[in-house]
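Subject: Structure handover

Hello,

Here is the structure you are taking over. Please open it next to this email and follow the residues as they come up.

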Amino acid sequence: MKCECLAGCPFFNDHMKDMPKMAEMLKEKYCLGDFANCARYRIFKKLGKPAVPGDLFPHQKDRADEILGD
């Protein structure tokens, strides 16, 4: 199962084009696997797309927790 946001995710479509190996690793782990634990996805689901910082990496759970107030 893949993340519903993958096709339009600005993080992967804009910010990761210069880091293809890291992008593939993160996509495999989060977008095509455990997307419910992706920091970007968690914020998207709770606060909506405009609340997701453009520079937030999928593994930045602590930063997502701060934004979500968790």
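**Salt bridges and helix 3**

At 23% relative accessibility, Asp-65 is classed as partly exposed, because that value falls between the 20% limit for buried and the 50% limit for exposed. Please keep in mind that this is a predicted model.

Asp-65 also takes part in a salt bridge. Its partner is Arg-42, and the closest N and O atoms of the two are 2.6 Å apart. This pair joins distant parts of the chain, since Asp-65 sits in helix 4 and Arg-42 in helix 3, 23 residues apart. As background, side chains of opposite charge can pair when their charged atoms come close.

How many salt bridges does the structure hold? There are three. One of them is the pair just described, Asp-65 with Arg-42. Another is between the side chains of Lys-45 and Glu-4, at 3.3 Å from N to O. That pair, too, links distant parts of the chain: Lys-45 belongs to helix 3, Glu-4 to the segment before helix 1, and their positions lie 41 residues apart. Lys-45 has 49% relative accessibility and so counts as partly exposed, while Glu-4, at 53%, counts as exposed. A salt bridge is also formed by the side chains of Asp-55 and Arg-63, with 2.9 Å from N to O. Arg-63 is partly exposed, because its relative accessible area is 29%.

**Arg-40**

Helix 3 covers residues 39–47, and Arg-40 is in it. The buried residues of this helix are Ala-39, Arg-40, Tyr-41, Arg-42 and Ile-43.

Which side chain of opposite charge is nearest to Arg-40? It is Asp-55, at 6.6 Å, and Arg-40 has no salt bridge although it is buried. The cut-off for a salt bridge is 4 Å, so a distance of 6.6 Å does not qualify. What the side chain of Arg-40 does reach is the backbone oxygen of Leu-56, at 3.0 Å. Leaving out residues up to four places away in sequence, Arg-40 touches several others, including Cys-9, Pro-10, Phe-11, Val-52 and Leu-56.

**The largest pocket**

The largest pocket has a volume of about 240 Å³. It is lined by 17 residues, and those closest to its centre are Cys-5, Cys-9, Pro-10, Arg-40 and Phe-44. Helix 1 (10–15), helix 2 (20–31) and helix 3 each supply at least two lining residues. Which helix gives the most to the lining? Helix 3 does, with three residues.

Phe-44 also lies in helix 3. Its relative accessible area is 24%, so Phe-44 is partly exposed. Not counting residues up to four places away in sequence, Phe-44 touches Glu-4, Cys-5, Lys-49 and Val-52. Its C-alpha atom is 24 Å from that of Asp-18, and the two residues are 26 apart along the chain.

**Other points**

Just after helix 3, Gly-48 has a positive phi of about 95°.

Asp-62 is in helix 4, which runs over residues 61–68. Is Asp-62 buried or exposed? It counts as exposed, because its relative accessibility is 60%. From C-alpha to C-alpha, Asp-62 and Tyr-30 are 16 Å apart in space, with their positions 32 residues apart in sequence.

Regards

Definitions and conventions
Residues numbered from 1 in each chain as written. Predicted model: local features only at pLDDT ≥ 70, side-chain atom pairs only at ≥ 80, totals over all residues. Heavy atoms only, no water. Helix = DSSP H or I, 4+ residues; strand = E, 2+ residues; numbered from the N terminus. Buried < 20%, exposed > 50% of the residue type's maximum accessible area, 1.4 Å probe, protein only. Lys, Arg positive; Asp, Glu negative; His and termini not counted. Polar contact = N/O pair within 3.5 Å; in protein donor to acceptor, adjacent residues only side chain to side chain. Contact = heavy atoms within 4.5 Å. 1 Å grid on protein atoms, 1.4 Å probe; cavity = no way out; pocket = protein on both sides within 12 Å on 5 of 7 lines; lining within 4 Å. Points joined across faces, edges and corners; volume = space filled by probe spheres on them.
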